[in-house]
Amino acid sequence: MHHSLVGTLSKLFPRLTASFAYRQLTSPQVRKLRPNEEDTLNKSEQEDFKFGTFKIKLYRWGGGEKTVLLIHGWEGQAGNFADLVEKLLEENYTVYAFDGPSHGYSSNGKTSLFEFTELVAVLIRRFKVKTLVSHSFGGVATTYALFKNKDLVIDTYVLLTTPDRFIERIQDVSEATGISQKVQRLLIERLEKETGQRVDELNVSDFVSHIHVNRALIIHDKDDRVIPIERSRNVYNNWKGCRFTEVHGTGHFRMLRTDTILNEVLEFLGEEG
C-alpha cells in the first residue's frame, strides 16, 4: 500500500489502519532461498515438529559431539545460515536449525515474537544445546526466551546483529508504511491487550542483564540499513562480559555469507570458556 495513502487512511480510519499495521507485524514475508541455500537444506535430516497450531520444520546436519542451534531472523529461515552450516560441518559440529512459525518451510499463520520466543526455548531443551548463533530478530526471540526461562544456561552465544527495543520495531513499521502516531498508539494497545505484555518492557538490553550466558559476542555492520548499529551497541553496553565487533561492507544480510565474519564466529565458538 502506498505510503501517502496509508497516511490519509490513518487520519480517516485509524482503527482500520491499525489492523493493517498489525498484519504487517504478524505476517512475515519470506524471501526465496538461493540455490546453495536450498542445496544445504537438502543435505539435512528433516523433521516436522508440532508446535501449537504450526507444523515446524526442523533441520539437523552432522554428527559431531559439539552442538549448536541456529536461530534465524524475522522474515528469514534456516537456509539463510547455509554458509555457516558448511563451515560448522568442517569443524565436526552437529548443527540444528528450524524455520520459525509462518517462516520458510514451516506452516503458515499469524504469528508473533511471543510464539517465536516460546519455540526457541522449547528447541533449546529438545536439542540440549549450550551453543547458539542468532541473526537479527533471532536475538530478540532468544534473549527473551532465556529471560523467561531462567533455568536455561548457555555456554556460548553469537549474535549476528540484534535489535534492542521492541518499540523500535513498531516505529520502523510505522515509518515504512506511513501510519500516524495515533495509529501507532492503537497498535501498541492491541498488542499489549492480546499478549498481556507491556511493549516498553520488551528490550534486549534489559533481558541480557538477567540471563545465564557465559560468553557472548555481537557482530554488527556500521552501515546496516535494517538495524542501526546503535541498537546492538546498547545491548553490548548492558551485557557484562559480552564482546562487540564492528564490521564494514557486509550490510544486514551479506554478513551471513562473508568468510571473515563466519571465521570469527567459528573462532569464538572454539575458544575455551
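In the predicted model, the largest nonpolar core comprises 53 residues, and the residues with the most contacts inside it are Leu69, Phe98, Ile124 and Trp239. Helix 5, which covers residues 113-127, supplies the largest share of this core, namely nine residues. A second core, of 28 residues, lies apart from the largest one and includes Leu84, Ala97, Val158 and Leu256. When neighbours within four places in sequence are left aside, the contacts of Ile124 are with Leu69, Val129, Leu132, Leu146, Leu152 and Ile154; Leu69 is itself listed, together with Ile124, among the residues with the most contacts inside the largest core.

Helix 4, formed by residues 82-90, has as its buried residues Ala82, Leu84, Val85, Lys87 and Leu88, and of these Leu84 is also a member of the 28-residue core. The buried residues of helix 4 pack against two other helices, helix 3 (35-42) and helix 11 (259-270), and against strand 2, strand 3 (66-71), strand 4 (93-98) and strand 5 (131-135). Just after helix 4, a positive phi of about 65° is found at Asn92.

Strand 2, one of the elements against which the buried residues of helix 4 pack, spans residues 54-61 and contains Lys55. This lysine has a relative accessibility of 44% and therefore counts as partly exposed, a class that lies between the limits of 20% for buried and 50% for exposed residues. Leaving aside neighbours within four places in sequence, Lys55 is in contact with Asp48, Phe49, Ser106 and Ser107. Between Lys55 and Ala176, which are separated by 121 residues in sequence, the C-alpha to C-alpha distance is 31 Å.

Over the whole protein, the secondary structure amounts to eleven helices and eight strands. The radius of gyration is 18 Å, close to the 19 Å given by the globule rule for 273 residues, so the protein is as compact as a globular protein of that length. The C-alpha trace extends over about 60 × 40 × 40 Å along its principal axes. Of the 273 residues, 54% count as buried, and among contacts with a separation of 6 or more, 78% are accounted for by residues 24 or more positions apart. The exposed area of the protein is about 12900 Å², of which carbon and sulfur atoms supply 47%. With regard to charge, the protein carries 36 positive and 37 negative charges, and the mean positions of these two sets are 6 Å apart.

Notes:
Residues are numbered from 1 along each chain as its sequence is written. This is a predicted model: local features need pLDDT of at least 70, side-chain atom pairs count only at pLDDT 80 or more; totals for chains, interfaces and linings use all residues. Side-chain values use heavy atoms; hydrogens and water are left out. A nonpolar core is a set of buried Ala, Val, Leu, Ile, Met, Phe, Trp, Tyr and Cys residues joined through side-chain atoms within 4.5 Å. Buried means under 20% relative accessible area, exposed over 50%, partly exposed in between (1.4 Å probe, protein chains only). Helices (H or I, at least four residues) and strands (E, at least two) are DSSP runs, numbered from the N terminus. Contact means heavy atoms within 4.5 Å. The radius of gyration is taken over C-alpha atoms; the globule rule is 2.2 Å times the number of residues to the power 0.38. Accessible areas come from the Shrake-Rupley method with a 1.4 Å probe; for residues, only the protein chains shown count as cover. Lys and Arg count as positive and Asp and Glu as negative; His and the chain ends are not counted. The place of a charge is taken as NZ of Lys, CZ of Arg, CG of Asp or CD of Glu.
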